[in-house]
Amino acid sequence: MSAEKTYEEFYNVLRKAGGAIPVIHNDALFALIKELLTPEEAAVAGLMPRKSITAEKLAETLERPLEDVRTHLEAMTDNGVLHAKRNKEGQYKYSLLPLLPGIFEAQFYRGTKTDRDYRIARRFKDYLDGVIKLRDSLPEPLPAPSTSYFRVLPIEEEIKTNKTVFPYATLSKFMEQIQDIAVGTCFCRHHAILVDEKDDCGVSHKNCMAFGDAAIFMSERHNGRLVEKEEALEILKKAEAEGLVHCSANTSEELVFICNCCSCHCGILGTAKAASHASSILTSGYIANVDSQLCSACETCIERCPVSAISMDDVAAVDSEQCIGCSLCVSTCPTGAIELIAKSDTRTPPETLLDLEAVMRQK
Ligand code: SF4
Ligand code: SF4
């Protein structure tokens, strides 16, 4: 089979792998794919089933030598194209990562600056710019999806006084139960630096977290540093102080990762800021509410809000369509004039990442 044909086959499985952005058949995507995989690797990945599979089973299915198949699977895992998880027998089961979130994150989480990193960062930028250009050229904006891929985690202290506390919005219970936590480099901010060294907004870079099996995977394959809970909580506190928004996949029972996002480099938060309806793109299930009697019009909250949801008349006013319920304004209001209140139209997110991906694939 020709190299072009193997990349076409890989494109076909990548297209069906899910994720939060479209996988469009264009030159920019194929330039990226060719940077990510050799033709030999694409020939293996292009024949992988959607469900995870051992090297033994895939070699048997493809009727190819086991060591040959395993070598390619391992190389693609180390290069952030595949996910690998050990089964009860200790064998790795491999599966293809979606383009984003998935392959993008696995390229830049390790925070390195190799020649390959620079090339892939440029290829991703070209592809993502093309997706944005295509979206902006549509005669009508795309309708907001009924289920978002991402959601916001509010600062827990700020919802404790509210009558409604969604169990999935509280981090502390989850952090009590979780065993494995890995911390790596913010892939969005690192990607930006690889494209342009001057593109640095000055906030911390080492604060991207993975949990459970994802933490083990990130520590084994992508330079993730395993940390104790106390250090993880300190990192989250520092992110809040820096005005970063905790974002995760829109799941209610399983928490696989937490990104600490700035609206200048996170594609999702940046898109939400630019929209006039950020809460339909991502939300915590809460919105900020200002008590006009307590507001001193100091404008601290306007500076603090990452999606420009607050304006000033005589007192601060929150745009409920734009507020994503991050609570960054609540924690810094000097007069205690802002509280978080539950949104009336909030729906409980899918339980697990697999459930979420199944919902996204139905669209
Ligand atoms: S930070 Fe508080 S007091 Fe200052 S303008 Fe905003 S709501 Fe009003
Ligand atoms: S108004 Fe407050 S809670 Fe809403 S998005 Fe802005 S900072 Fe976050």
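Lysine 198 is exposed, because 6 other C-beta atoms lie within 10 Å of its own; a residue is called exposed if 12 or fewer other C-beta atoms lie within 10 Å, buried if there are 20 or more, and partly exposed in between, with C-beta atoms placed from the backbone. Lysine 198 sits in the loop between helix H9 (187–195) and strand S6 (208–211), where helices (H or I, at least four residues) and strands (E, at least two) are DSSP runs numbered from the N terminus. Its C-alpha atom is separated by 36 Å from that of isoleucine 338, a residue 140 positions away along the chain.

This is a predicted model, in which local features need pLDDT of at least 70 and side-chain atom pairs count only at pLDDT 80 or more, while totals for chains, interfaces and linings use all residues. Residues are numbered from 1 along each chain as its sequence is written, and chains are lettered from A and ligands numbered from 1 in the order in which they are written. The predictor's confidence in each residue, pLDDT, runs from 0 to 100; the protein has a mean of 91, and 94% of its residues reach 70 or more. Confidence is highest in helix H2 (residues 27–36), at a mean of 98, and lowest in helix H15 (residues 353–361), at 78.

Helix H9, which comes before the loop of lysine 198, has eight of its nine residues buried, so it is largely enclosed by the rest of the structure. The buried residues are Phe187, Cys188, Arg189, His190, His191, Ala192, Ile193 and Leu194. These buried residues of H9 pack against helix H6 (99–108), H7, S6 and helix H12 (267–274), a contact being two residues whose C-beta atoms, placed from the backbone, lie within 7 Å.

On a broader view, the protein is divided into domain 1 (3–98 + 113–124) and domain 2 (150–361), with bounds that come from an automatic or database domain assignment. The centres of domain 1 and domain 2, taken over C-alpha atoms, are separated by 31 Å. Between them, 13 residues of domain 1 are in contact with ten residues of domain 2. On the domain 1 side, the elements that give two or more residues are helix H5 (66–78), strand S2 (82–86) and helix H7 (115–137), and H7 provides the largest share, five residues. That side of domain 1 divides into four nonpolar, four polar and five charged residues, where Ala, Val, Leu, Ile, Met, Phe, Trp, Tyr, Cys and Pro count as nonpolar, Asp, Glu, Lys and Arg as charged, and the others, Gly among them, as polar.

Strand S2 also belongs to an open sheet of three strands, whose order is S1-S3-S2 and whose pairing is antiparallel. S1 and S2 stand at the edges, each with a single partner strand, so one side of each is left without a neighbour in the sheet. Two strands count as paired if DSSP finds at least two bridges between them; strand S1 (residues 53–54) is joined to strand S3 (residues 92–96) by two bridges, with isoleucine 53 partnered by tyrosine 94 and threonine 54 standing opposite lysine 93. S2 and S3 pair over five bridges, and leucine 82 has leucine 96 as its bridge partner in S3. These two strands form a hairpin with five residues between them, and glycine 90 in the turn has a positive phi of about 85 degrees.

A second sheet, also open, is formed by six strands in the order S4-S8-S9-S6-S5-S7, with antiparallel pairing. Its edge strands are strand S4 (150–153) and strand S7 (225–226), each of which pairs on one side only. S4 is joined to S8 by four bridges, and phenylalanine 150 has alanine 249 as its bridge partner in S8. In a regular strand the side chains alternate between the two faces of the sheet. Both faces of S4 are covered, since Phe150 and Val152 on one side and Arg151 and Leu153 on the other are all buried. Strand S8 (residues 245–249) and strand S9 (residues 257–261) pair over three bridges, and valine 245 stands opposite cysteine 261 in S9.

Two ligands complete the tour. Around ligand 1 there are 15 residues, the closest being Cys295, Cys298, Thr300, Cys301 and Cys333, where a residue is near a molecule if its C-beta atom, placed from the backbone, lies within 6 Å of it. The shell of ligand 1 divides into eleven nonpolar, three polar and one charged. Ligand 2 is surrounded by 14 residues, of which the closest are Ala288, Cys305, Cys323, Cys326 and Cys329, and its shell divides into eleven nonpolar, two polar and one charged.
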